Amino acid sequence: MQTLEVNIPFQFLLNKVLVSYTPKFSVNLRRSDLRLLNATLVIPEIQESTSSKGISSEFKSFSYLYNEEQFITSLKNDIIIVKNLPPNLKEARKRKEIPTFKPKKLASPDYYIKELLPELKKSKVIGLVITDGGCLQPVLSSKWVEYQRLRCRVAFHALHFRPEILELAHLMVKRLRASGQPYLAYHPGLVRDSLAHQGCAELFQDVHTELIQYRRAQLIKQKIIRDELSVDSHIRKFNGSCPLMPEEVGLLFRAMGYPPTTRIYLAGSETFGGQRVMIPLRAMFTNLVDRTNLCNRYELNKVFGKESPLPSNSFNPTSTKTSKQLKKEWDQAGPRPRPLPPPPDRPFYQHEKEGWHGWVAEKDSEPDPSPIELRDKAHRLLWDALDYVVSVEADAFFPGFHNDGSGLPDFSSLVMGHRLYELASARTYRPDRRFLAKLFNSTQDHLYYPKRSWILAARKHLNDSLGEEGLKRQSTQSKSRSFLSHPIPECTCTISKTGDKNACPKWIEASLAESKLQESTENEQPDYTDEPDEQQTDEEDESKRNDSPSLEEDVEMDPDD
């Protein structure tokens, strides 16, 4: 028998990975009759680290982020994992003789049986490039339950960040709680790709709008999204397709009763729009901190390891002429009188051209990233890892843009799924952006001084999102796209009719039955590799939400309340 689970775990990775496989014939890892591919996994490669030439040579691609030994040891009873290919296969890979496949994020098990298994038997080794954040359907039938459990073991037990990252992350958590007060983690979700995917360009200004539109044009050209280039961002915002802006999140925190001194940790390596979009939130909550406030430069650089220096592209100003040279040019310039020369154009300095947005002013196409930019991209993996640990261990977590519709496992959804697995009773907000957009629209002229009915409506919605109502919505919206965003009941409880103590709630059983019915309907379709229409899925999800918030008439505030 052979095994399929080697294809599953890397949906958890935050970035693209390259996975190679070699078949094994002498070792039989049969633990269930459900094993499909008899394969040995070669430690995967993370593209962001392999494309960067300036990172520390102490780490390989996978070990730059994860604990390699922990990964191998934890899965030794499930799959054989090796660190490198044999020398002859390495040479074949360099000559590009190994077939490579790019499975879709919603590929079914039949795809691996009918497409990959014959190639694996023929070539003895194949490569998989995971570009969509996953490589297997999130919801599988009951006969695949062992593979779902394997996903849980990989994501929550085998994949550990390397010790240096965990040490610094736990130090950051200790410093956040040093005053004896709890802290709230907030991830804005303002990522350029997600904003371009949903068409939220008009929510920003100046160069940021151009950058989002340029990225959206790229996604349309690559046929990743099938939509018009120019869309009304405000309509998308009203439909819940765009993120909650930091100002709106601050107003919601005030409605929930959080005092201005609440310590809020700002997670995420990328906040599109820069510090300007964070100004309203900082004005309302002055204890808004991030990793740079909790760690000094030495502690952050220590996580990088010893990196080789890269050539700097510092600007070298042109040498100025001396007064003697200027007088000599004036004397040799010809008869007088003559008009003065036009004033010189303002020079463009190098630091203005090399930034992540500087090319917009001069070119129509985005330039290739420089070596420094590639290394910074690899560094952002480490920042996301630190923020991930801090967010999972936070006393409360608020996502600004989860279930962003891009199909990729976004940061907030992964954190919410991990917190649900580790401690389901933890305060994890699961807001409905469509409901909140209509709520904010109803008090657009009085955002900072809303009526009490508005405050009560916002408070009730957020409190409900902490419990069963929020879990149901999360299961409906994200389970069909990302397994790890809602890893129950497979990872936490069991579907049992014998009154097991670990039995799932009734609403989970009903949701699972509905998912199985939907899956059986999809399996009747002839093409099992086609992905469902993202836009149609979003419309179905939105139709299940509340159409509009019910706001009561404003009443006089009770001073004893």
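Here are legends for a handful of close-up views of this predicted model.

**View 1. Five strands line up in an open, parallel sheet.**
Reading across the sheet, the order is β8-β7-β6-β9-β10. The edge places go to β8 (288-289) and β10 (427-428), and each of these has a single partner strand, so one side of each is left without a neighbour in the sheet. On the β8 side, look for strand β7 (residues 263-266), which runs parallel to β8 and is joined to it by two bridges. To find one pairing by residue, start at Tyr 265, whose bridge partner in β8 is Val 289. Helix α6 (residues 163-176) packs on this sheet, where it touches β6 (183-187), β7 and β8. The direction of α6 makes about 155° with that of β7.

**View 2. Helices α16 and α17 meet at a slant.**
Here helix α16 (residues 371-392) passes helix α17 (residues 411-422), with axes that come within 9 Å and cross at roughly 40°. The pair is therefore oblique, and the crossing is right-handed. From α16, the residues making the contact are Asp 384, Asp 387, Tyr 388, Ser 391 and Val 392. Facing them from α17 are Phe 411, Leu 414, Val 415, His 418 and Arg 419. Sorted by class, this contact has five nonpolar, two polar and three charged residues.

**View 3. Helix α10 packs roughly perpendicular to helix α19.**
The two helices in this view are α10 (residues 246-256) and α19 (residues 452-465), whose axes are 9 Å apart and make an angle of about 95°. On the α10 side, Leu 252, Ala 255 and Met 256 make the contact. The α19 side brings Trp 454, Ile 455, Ala 458, Arg 459, Leu 462 and Asn 463. By class, that is seven nonpolar residues, one polar and one charged.

**View 4. Helix α19 also meets α20, with no nonpolar residues in the contact.**
The axes of α19 and α20 come within 5 Å and cross at roughly 70°, which makes these helices roughly perpendicular. From α19 come His 461, Asp 464 and Ser 465, and they meet Glu 469, Gly 470 and Arg 473 of α20. The class count here is three polar and three charged residues.

**View 5. A disulfide links Cys 152 to Cys 491.**
A disulfide is a covalent bond between the sulfur atoms of two cysteines. The model has two disulfides by count, and the one shown here has an S to S distance of 1.7 Å. The torsion about its S-S bond is about -80°, so this disulfide is left-handed. Cys 152 sits in helix α5 (residues 145-158), while Cys 491 is in the loop between α20 (468-478) and α21 (506-523), so the bond ties together parts that are 339 residues apart in sequence.

**View 6. Two spots in the backbone, at Pro 489 and Lys 96.**
Most residues other than glycine have a negative phi, and most peptide bonds are trans. In the loop between α20 and α21 you'll find Pro 489, joined to Ile 488 by a cis peptide bond with omega of about 10°. The other spot is Lys 96, in the loop between α3 (87-94) and β4 (100-101). Lys 96 isn't a glycine, yet its phi is positive, at about 60°.

Conventions:
Residues numbered from 1 in each chain as written. Predicted model: local features only at pLDDT ≥ 70, side-chain atom pairs only at ≥ 80, totals over all residues. Heavy atoms only, no water. Pairing = 2+ DSSP bridges. Helix = DSSP H or I, 4+ residues; strand = E, 2+ residues; numbered from the N terminus. Contact = heavy atoms within 4.5 Å. Axes fitted to C-alpha atoms, helices over the stretch in contact; angles between N-to-C directions. Parallel < 35°, antiparallel > 145°, perpendicular 65-115°, else oblique. Left-handed = near helix turned anticlockwise from the far one by under 90°. Nonpolar A, V, L, I, M, F, W, Y, C, P; charged D, E, K, R; others polar. Disulfide = S-S within 2.5 Å.
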